[in-house]
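Thanks for coming. I will take a few strand pairings and then one helix.

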Amino acid sequence: MTVSPDVRSADPRERQDGLGWVTRAVFPGRGARLSIGSRSASAPDPGWRTVARYAVVPSAARARFLLPLGRRRVTAASVLAYNALRPPKVRAARAALGTAARLGVLELARMPVLIVSVPDDADPTELVLAEHLSAALGRGPLYGAFGVRAPDPNHKPTLQLFDADRRPRGYAKIGWNGATRALVRAEAAALHELPRPGATSDYPLVPRVLMHGDWAGQALAVVEPLPPDVRGVDPAEPPRLAALLAVARRGGAPGTPRELAGSPFLGRLSDLATKAAEAVDAGARAVHAVRRLTERHGATLAEFGDWHGDWVPWNLGTHAGRLVAWDWEHSGPHAPIGFDLAHQGFQCALILRSGPVPDAVRAADDLVGRYGEQLGLGPDQRRFVVDAYLIEMWLRTWRLADGGAGWNRALHPALLDVIEDRLSR
Ligand SMILES: Nc1ncnc2c1ncn2[C@@H]1O[C@H](COP(=O)(O)OP(=O)(O)O)[C@@H](O)[C@H]1O
Ligand SMILES: [Mg+2]
């Protein structure tokens, strides 16, 4: 292999880092040409035209954002949008960057530029995602801003879309491997199925799907922008029980409790465990766990309903006194009420406090123990909810691994060990 002496002009899709990963996902078709150059990069080759330029912030080697160039105020808006959802350190850096972008000075001018060009006679909507989305949404030209992070088979590159007047127009997620394509499609389908309760309901505000479908081998979903002044929920606050119950009950009345045995929930859990056992050795342990769960809790009466599936403070915000909930890709029906509460406890310990699985399980038990009664859960149900949730989580881990995302080593096999220990006691 010959290495070009001018590495800055090489196709960034050849890179092994986050920039390589995100540009491969966002510009999958080799019909579009990508290069990295400076602001003063020369005109495209004859027969080619430039359709988009992005500032690579802060550098190609440490890229964090790709910001659309061409309209200064759009560039600035793309930096400032949703600042309030970022952790404070990032917020300060982004605010400074926004000022620079608005003034059109300093940093941005020194940053490398990603140049996207297509053959003169090509249809850019087939080759360039932002062009495709502009045409599909039919609201004039849209400009996309991308986040860049370390390559991760579980993560979906995302694209914030702005119009020429700087208004946010949508938020696109891109599924690029088996696991992430399934998640993107699942989220679009789930959002279609959610109820539309009245303004006085406890049901959270939900950004709805503007469009979804496949493009150039990727699964795409574009949802409405979050309200611009949305504020993230503080993880130290008590869980939002009224909203959680409204999600479970689809904004309606409580459901009638029923036994676990014979429930659609148990049917789904067993089917998934069987599929896991067909696919991987560890799946047999899940089948066994479902059997033990049934022996222990088969006669437990539980209320079932929808769950959000990733109910954590970083997927929740507030706007005009109401809760806003996004990231519905793991949501679904027929879940035991309290699953979202267990998940909040489990994930906060795992992600925010970087705790090992046993600590996360304890945190799930604690949160369900403390607040479960307010969801109508007695001691038996509280135990059942956490036991069942842990099996559900392992099955999710397996599904992601099966879709090409690899095993989440924080959860596998530790989660199976904990489940077996709990269910043998
Ligand atoms: N509709 C939206 N409008 C604006 N920003 C959004 C929107 N949806 C998500 N985001 C931002 O992107 C982040 C990641 O999106 P999310 O749906 O949570 O996907 P992930 O599965 O990657 O966590 C969110 O935490 C939020 O900051
Ligand atoms: Mg999220």
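**Strands, then a helix**

Arg231 stands opposite Thr318 in strand 14. Helices (H or I, at least four residues) and strands (E, at least two) are DSSP runs, numbered from the N terminus. This is a predicted model, where local features need pLDDT of at least 70, side-chain atom pairs count only at pLDDT 80 or more, and totals for chains, interfaces and linings use all residues. Residues are numbered from 1 along each chain as its sequence is written, and chains are lettered from A and ligands numbered from 1 in the order in which they are written.

Back to the pairing. Strand 10 and strand 14, residues 316-319, are antiparallel over two bridges; two strands pair if DSSP finds at least two bridges between them. They belong to an open sheet of three strands in the order 10-14-15, with antiparallel pairing. Strand 10 (231-232) and strand 15 (322-325) each have a single partner strand, so one side of each has no neighbour in the sheet.

Next, strand 3. Strand 2 (residues 48-57) pairs with strand 3 (residues 65-68) in the antiparallel sense over four bridges, and Val57 stands opposite Phe65. Strand 3 also pairs antiparallel with strand 5 (residues 142-147), over two bridges. There, Leu66 has Phe146 as its bridge partner.

Last, helix 12. How far apart are its end C-alpha atoms? They are 21 Å apart, which agrees with the 21 Å expected for 15 residues (residues 357-371), the expected span being 1.5 Å times one less than the number of residues. Its buried residues include Val357, Ala360 and Leu367; buried means 20 or more other C-beta atoms within 10 Å of the residue's own, with C-beta atoms placed from the backbone.

Note on methods
A residue is buried if 20 or more other C-beta atoms lie within 10 Å of its own, exposed if 12 or fewer, and partly exposed in between; C-beta atoms are placed from the backbone.
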